[in-house]
Amino acid sequence: MNLSKLAFIFAFFQLPFTEAWAYNKTLTCKDLPQKSLDFIEQYFPEEDMTTIYMERDFLEVRYNVILSNNTNIEFFRNGEWKEINCKTSEVPDEFIPEEILVKIDQMYSDATIISIDRDNHEYDIKLSNGVDMTFDKNFNLTDFDD
């Protein structure tokens, strides 16, 4: 059997699994975890939720909420925030670790945080001046791109 035939067979049988494991589904606010709703109410009380959808990729489920000011918030399955992208404003400081805020203020006191993304290992930050910064889970600066 030649390589192109083998590739076709693999792709043919892979397709149903790809469709079954990865999809987006539009939701309403009642479908969000309560923790996500509480977060939006506390930190973005003036904004309406304009679009809500669930992303599923294999076993990972995340919720995405777009607010009326065009802020995009991504939540983990448990309702904790994963990523906040404020396109026209700044990310509220209240839930950003103090060590990160101090380091940013030391290095770029004139900039604001417009995006933050976290996972189990690091925080990725984008500043209003275009600088990207990465902090490890102990809040040490590990990378930055200005």
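I take buried to mean under 20% relative accessible area, exposed over 50%, and partly exposed in between. I note at the start that this is a predicted model.

**Entry 1: Arg 118 and Glu 80**

I looked up Arg 118 with that cut-off in hand. Its relative accessibility is 16%, so Arg 118 counts as buried. I then checked its charged partner and found a salt bridge to Glu 80, with the closest N and O atoms 3.2 Å apart. Glu 80 sits in the loop between β4 and β5, while Arg 118 belongs to strand β6, so the bridge ties together parts that are 38 residues apart in sequence. I recorded 27% relative accessibility for Glu 80, which makes this residue partly exposed.

**Entry 2: Lys 35**

I found that Glu 80 also forms a salt bridge with Lys 35, where the closest N and O atoms are 2.7 Å apart. This pair links distant parts of the chain, 45 residues apart: Lys 35 is in helix α2 (residues 34–43), and Glu 80 is in the loop ahead of β5 (81–85). For Lys 35 I noted a relative accessible area of 42%, hence partly exposed. I wrote down Lys 35, Glu 80 and Arg 118 as a network of salt bridges.

**Entry 3: Lys 82 and Asp 117**

I counted the salt bridges in the structure and got five. Another of them joins Lys 82 to Asp 117, with 2.6 Å between the closest N and O atoms. Here strand β5 supplies Lys 82 and strand β6 supplies Asp 117, two distant parts of the chain 35 residues apart. I checked burial for both, and Lys 82 and Asp 117 are each buried.

**Entry 4: Ser 115**

I stayed in strand β6, which spans residues 113–118 and holds Ser 115. Ser 115 has 11% relative accessibility and is therefore buried. Leaving out residues up to four places away in sequence, I listed what Ser 115 touches: Glu 83, Ile 84, Asn 85 and Val 91, and further along the chain Asp 124, Ile 125 and Lys 126.

**Entry 5: Nonpolar core**

I looked up the largest nonpolar core and found 33 residues in it. Phe 39, Phe 44, Ile 84, Ile 125 and Leu 127 have the most contacts inside this core. Strand β3 contributes its largest share, four residues. I followed Phe 39 outward: beyond its neighbours within four places in sequence, Phe 39 is in contact with Phe 44, Ile 73, Phe 75, Trp 81, Ile 84 and Phe 95. Ile 84 and Ile 125 had already appeared in my list for Ser 115.

**Entry 6: Asn 69**

I moved to the loop between β3 (60–67) and β4 (72–76), where Asn 69 is placed. Its relative accessible area is 18%, so Asn 69 is buried. I found a polar contact of 2.9 Å from the side chain of Asn 69 to the side chain of Thr 71. With neighbours within four places in sequence set aside, Asn 69 is in contact with Glu 47, Thr 88 and Ser 89.

**Entry 7: Whole chain**

I finished with the overall figures. The protein chain has three helices and nine strands, and I read their order from the N terminus as α-β-α-β-β-β-β-α-β-β-β-β. Of its 146 residues, 34% are buried. The chain exposes about 9400 Å², of which carbon and sulfur atoms supply 51%. Taking contacts between residues at least 6 apart in sequence, I noted that 36% join residues at least 24 apart.

How values were computed. Residues are numbered from 1 along each chain as its sequence is written. This is a predicted model: local features need pLDDT of at least 70, side-chain atom pairs count only at pLDDT 80 or more; totals for chains, interfaces and linings use all residues. Side-chain values use heavy atoms; hydrogens and water are left out. Buried means under 20% relative accessible area, exposed over 50%, partly exposed in between (1.4 Å probe, protein chains only). Contact means heavy atoms within 4.5 Å. Accessible areas come from the Shrake-Rupley method with a 1.4 Å probe; for residues, only the protein chains shown count as cover. A polar contact is a pair of N or O atoms within 3.5 Å; within protein, one must be able to donate a hydrogen and the other to accept it, and residues adjacent in sequence count only if both atoms are side-chain atoms. A nonpolar core is a set of buried Ala, Val, Leu, Ile, Met, Phe, Trp, Tyr and Cys residues joined through side-chain atoms within 4.5 Å. A salt bridge is a side-chain nitrogen of Lys or Arg within 4 Å of a carboxyl oxygen of Asp or Glu.
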